[in-house]
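Reader: I'd like to go through this model with you, piece by piece. Shall we start with one chain and then see how the two sit together?

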Amino acid sequence: MTMHLNDVTLTYPDGDGRLTALDHVTVHAEPGALTAVVGPSGSGKSSLLAVAATLITPDSGQVLLDGTDLVGLSRAQRTSVRRKRIGIVFQSANLLASLTALEQLTVMAHLAGGVTTAAGERAAELLDAVGLAARADRRPHQLSGGQRQRVTIARGLMNDPSVLLVDEPTSALDTERGAAILDLLRRLTTERDLATIVVTHDRDHLAHADQVVEITDGRARVLAAA
Amino acid sequence: MFVALRDLKFAKGRFALMGAVVTLITLLVVLLSGLTAGLGRENVSAITDLDADHLVFAAPAQGQDISFSDSVIPAGTQEAWTGVDGVASVEPIALGMSRVESGERSTGVAFFAVGGSSTLPPAAVRGGEVVLAEQAAEDLGVVAGDTVAVGGTELEVAAVAGRDSYSHAPVAWISTADRPTTGADPTAATVLAIHAGAADLPAADADLGTETVTVADSLNAIGSYSSENGSLQLMRGLLLAISALVIGAFFTVWTVQRSPEIAILKAVGASTGYLLRDAVGQAFVLLLFGTGLGAALAAGLGALASAAVPFVLDPATVLLPAALLVVLGLVGAAASLRRIATVDPLTALGSAR
């Protein structure tokens, strides 16, 4: 499945006027391809991700997921899309303090209707895929920053999404661990035929991307096409 | 309850503290309920246990309420009530407070003076006899066949029966002829205990200058009962309100603290309904545990205390207050639900503006 953001404009209230965060932005994410979105702080990268994740509704434009426009869906419908079709990896490895690594994944199955044996097996398989099978019973405070980020990636894949949205996955990691996370995202994107969009400020990781989109002052420019 | 149960286990200290607060409040409310019922029973059991459905009082003066201490029903009115159509039975009772003496011992009693053929006492009482409640007989150290002095009149103890009391004093059933001299009309009754049947009570009251109320409503005519019971019920009500506020405050703070996690769950697809059910379920588990433990402790303490103080231990004084605390606790916890509904999942994306 593909995700296409077509001519998306997003503004926020700013005093008496409005601040343009995204200005007629178009980005196409294809299955099996990793799209890196780069740009300086405040350029609109995270706003782009929030629009793609249906967490915010743009002023205009389309957000197409396999041909279906997500703009205009009700809140409940958008929640359902996030639960079933979009995986989200947060910037600061946001995990739930009371859950073990394995439960961080099985909670996704619970949200979708119930924890089955198959869901448990899939969670274990995903933790293994991100190299954390031996840490399945650890809680967030017992994991390193890199390990926590791997858990959030595995959680993002739990409900078998077609799109994976990743927000600054290396911002809290050193260079070596950051590179490892990008390697992992690259591998998972290919293996699972994901349309992956990674927002990053770190241009060292662009070699992992099939497509690079630069955002400056809310305007997007494709630097390298897939 | 996937996350809620794991939160309860993970944040053990926090929830144990709150559970302890709920337990202590339940302990206090249940003990107070048992004591209120016990004191109330000591005050009114002789009235509530009467074999009657209504009590007839002398009509009070305008602006006043009926009162056991002020009601005087002359013999003529008593006689007239026996002729009211539909009334199945009429039993005059003259009641008051007195002392009973046996040798060196004495105790205060509430005397209930009735006619020789009355079926109201727990055992038949004739002229020259007294039927003592168990507490009075224990205080005096007497048994059936002994002689005691009631208000100076020597009477034989016909029977020791029942545990009824009135205005915190055990009851002594005597014959009307033996009632202690108080200066009042010796033929007058305080109230009439009746089985009203299909009688037109308002019409009879209007004709005979009386006021008839149900036995339950007559309890407010015992001055000490309404003031004592009212104070204790007020304390109980305030405790229940405080518990709802405390629980509401706890869950509000808890919800504020876990707002980032709520935002994450919403962002990854948790519906608001799912999160609300999770939160209510968490509060319910905490309340069930806290009130269950508190009620069990109170029942144990109440069982021990009932030997020394008036205390009623039954479902109405244990389970009912505990259930009420659960309901009010959930109402308090519901105050935090609005916050859950309003958490914006966008905040999970920390850098989004």
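Reader: How many helices and strands does chain A have?
Author: Keep in mind that this is a predicted model. With that said, the tally for chain A comes to six helices and 10 strands.

Reader: What radius of gyration does chain A have, set against a compact globule?
Author: The C-alpha trace of chain A spans about 50 × 40 × 35 Å along its principal axes. A compact globule with 226 residues would have a radius of gyration near 17 Å, and chain A agrees with that, at 17 Å.

Reader: What share of the residues of chain A count as buried?
Author: Look at the contacts in chain A with a separation of 6 or more: 70% of them come from residues 24 or more positions apart. As for burial, the cut-off is under 20% relative accessible area. Of the 226 residues in chain A, the share that counts as buried is 56%.

Reader: Which residues of chain B lose the most area to chain A?
Author: In terms of contact, 24 residues of chain B meet 31 residues of chain A. The area buried between the two chains is about 2,400 Å², with carbon and sulfur atoms giving 68% of that. On the chain B side, 25% of what is buried comes from three residues together: F2(B), V268(B) and L349(B).

Reader: Which residues form the salt bridge across the interface of chain B and chain A?
Author: The rule finds one salt bridge across that interface. Its closest N and O atoms are 3.0 Å apart, and the partners are R6(B) and E103(A).

Reader: Which elements give two or more residues to the side of chain B that touches chain A?
Author: Between the chains there are eight residue pairs in polar contact, counting those with both residues at pLDDT 80 or more. The elements of chain B that give two or more residues to this side are α1 (2-10) and α8 (259-267).

Reader: And by class, how many nonpolar, polar and charged residues does that side of chain B have?
Author: Sorted by class, the side of chain B that touches chain A has five charged residues, three polar and 16 nonpolar.

Reader: How many salt bridges turn up over all chains, and where do R187(A) and E191(A) lie?
Author: Searching the whole structure gives 11 salt bridges. One of them joins R187(A) to E191(A), at 3.5 Å from N to O, and R187(A) is partly exposed at 36% relative accessible area. The two residues sit four apart, about one turn, and both lie in helix α6 (residues 175-191) of chain A.

Reader: Is E129(B), the salt-bridge partner of R126(B), buried or exposed?
Author: The closest N and O atoms of R126(B) and E129(B) are 3.0 Å apart. R126(B) is exposed, with 53% relative accessible area. For E129(B) the value is 12%, so E129(B) is buried.

Reader: How many residues apart in sequence are the parts that R163(B) and E134(B) tie together?
Author: These side chains meet in a salt bridge at 2.7 Å, N to O. R163(B) is in the loop between β6 (153-160) and β7 (165-166) of chain B, while E134(B) is in helix α4 (residues 134-140), so the pair ties together parts that are 29 residues apart.

Reader: Which residues does T252(B) touch, leaving out those up to four places away in sequence?
Author: T252(B) has its place in helix α7 (residues 223-257) of chain B. A polar atom of its side chain lies 2.7 Å from the backbone oxygen of G248(B). Beyond four places in sequence, T252(B) touches A335(B), S336(B) and R339(B).

Definitions and conventions: Residues are numbered from 1 along each chain as its sequence is written. Chains are lettered from A and ligands numbered from 1 in the order in which they are written. Side-chain values use heavy atoms; hydrogens and water are left out. Contact means heavy atoms within 4.5 Å. Buried area is the accessible area (1.4 Å probe) that two parts lose on being put together, summed over both. A salt bridge is a side-chain nitrogen of Lys or Arg within 4 Å of a carboxyl oxygen of Asp or Glu. A polar contact is a pair of N or O atoms within 3.5 Å; within protein, one must be able to donate a hydrogen and the other to accept it, and residues adjacent in sequence count only if both atoms are side-chain atoms. Ala, Val, Leu, Ile, Met, Phe, Trp, Tyr, Cys and Pro count as nonpolar, Asp, Glu, Lys and Arg as charged, and the others, Gly among them, as polar. The radius of gyration is taken over C-alpha atoms; the globule rule is 2.2 Å times the number of residues to the power 0.38. Buried means under 20% relative accessible area, exposed over 50%, partly exposed in between (1.4 Å probe, protein chains only).
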